[in-house]
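This report walks through a fold from its sheet to its helices and then to its charged side chains. Please keep the sequence and the structure in view while reading.

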Amino acid sequence: MYVGTLSFDLLLGDIRSLKEKRSVVRPIVAELHRKYAVSVAEVGDQDLHRRAEIGLAAVSGDAGHLTDVLDRCERWIAARPEVELLSVRRRLHGDDDD
């Protein structure tokens with residue numbers, strides 16, 4: 001079994017309130033979940049208007065498949081015009097990890 005996680009640090013566009021932030025972040029989270037069948041949530045920077053941290057996790061029996069899913073999620077986020085991807089943190093965990 002392999003578990004992969006991604007953590008995205010995002011800079012949002014011209015956002016002036018937490019309500020506007022939710023209107024940008026919530027559809028991104030929902031689309032990642034729907035399109036790629038991953039677990040995803042806003043996991044940090046909830047009190048900042050123009051920053052968002054989104055965490056994503058996926059499980060697979062095949063490391064290659066897991067890497068492909070994570071790559072597709074990262075490319076999808078990077079292509080979003082309403083956000084700027086500042087950084088991505090990726091972790092892969094397998095059966096041989098201690």
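Two strands pair if DSSP finds at least two bridges between them. Helices (H or I, at least four residues) and strands (E, at least two) are DSSP runs, numbered from the N terminus. The model is predicted: local features need pLDDT of at least 70, side-chain atom pairs count only at pLDDT 80 or more, and totals for chains, interfaces and linings use all residues. Residues are numbered from 1 along each chain as its sequence is written, and side-chain values use heavy atoms, with hydrogens and water left out.

## The sheet

Four strands form an open sheet in the order S2-S3-S1-S4, with antiparallel pairing. Strand S2 (39-44) and S4 stand at the edges; each has a single partner strand, so one side of each lacks a neighbour in the sheet. From one strand to the next, the twist averages 20°. Axes here are lines fitted to C-alpha atoms, for helices over the stretch in contact, and angles run from 0 to 180 degrees between N-to-C directions.

The strand pairs are set out below, each with one facing pair of residues.

| Strand pair | Bridges and sense | Residues that stand opposite |
|---|---|---|
| S1 and S4 | ten bridges, antiparallel | Leu6 and Arg90 in S4 |
| S1 and S3 | ten bridges, antiparallel | Leu11 and Arg51 in S3 |
| S2 and S3 | five bridges, antiparallel | Ser39 and Ala57 in S3 |

Strand S1 covers residues 2-12. The hairpin of S2 and S3 has six residues between the strands, and Asp45 there takes a positive phi near 60°. In a regular strand, side chains alternate between the two faces of the sheet.

## The helices

Does the length of H1 agree or disagree with its residue count? It agrees: at 1.5 Å a residue, the 19 residues of H1 should span 27 Å, and its end C-alpha atoms are 26 Å apart. The expected span is 1.5 Å times one less than the number of residues.

Which residues of H1 are buried? They are Lys21, Val24, Val25, Ile28, Val29, Leu32 and Tyr36. Buried means under 20% relative accessible area, exposed means over 50%, and partly exposed lies in between (1.4 Å probe, protein chains only). The cover over these buried residues of H1 includes S1, S2, S3, H2 and S4. Contact means heavy atoms within 4.5 Å. After H1 comes Ala37, with a positive phi near 55°.

Helix H2 lies across S1, S3 and S4. H2 runs at about 10° to S1.

## Ser60 and its surroundings

Ser60 sits in strand S3 (residues 51-60). With a relative accessibility of 12%, Ser60 is buried. Leaving aside residues up to four places away in sequence, Ser60 touches Met1, Tyr2, His65 and Leu66.

The side chain of Ser60 also makes polar contacts. A polar contact is a pair of N or O atoms within 3.5 Å; within protein, one must be able to donate a hydrogen and the other to accept it, and residues adjacent in sequence count only if both atoms are side-chain atoms. One contact, of 3.3 Å, joins the side chains of Ser60 and His65. In addition, a polar atom of the Ser60 side chain lies 3.1 Å from the backbone nitrogen of Asp62.

## Salt bridges

Side chains of opposite charge can pair when their charged atoms come close. A salt bridge is a side-chain nitrogen of Lys or Arg within 4 Å of a carboxyl oxygen of Asp or Glu. By this rule there are eight salt bridges.

Asp71 and Arg90 form one of them, with the closest N and O atoms 2.8 Å apart. This pair links distant parts of the chain: Asp71 is in helix H2 (residues 63-78) and Arg90 in strand S4 (residues 83-93), 19 residues apart. Asp71 is partly exposed at 27% relative accessibility. Arg90 is partly exposed too, at 30%. Shared partners join Asp71, Glu74 and Arg90 into one network of salt bridges.

Within helix H1 (residues 18-36), Glu31 and Arg34 lie three residues apart, about one turn of the helix. Their side chains meet in a salt bridge of 2.6 Å, N to O. Glu31 is partly exposed, with 23% relative accessible area. Arg34 is exposed, at 58%.

Asp14 and Arg16 form another salt bridge, the closest N and O atoms being 3.2 Å apart. Both Asp14 and Arg16 are exposed.
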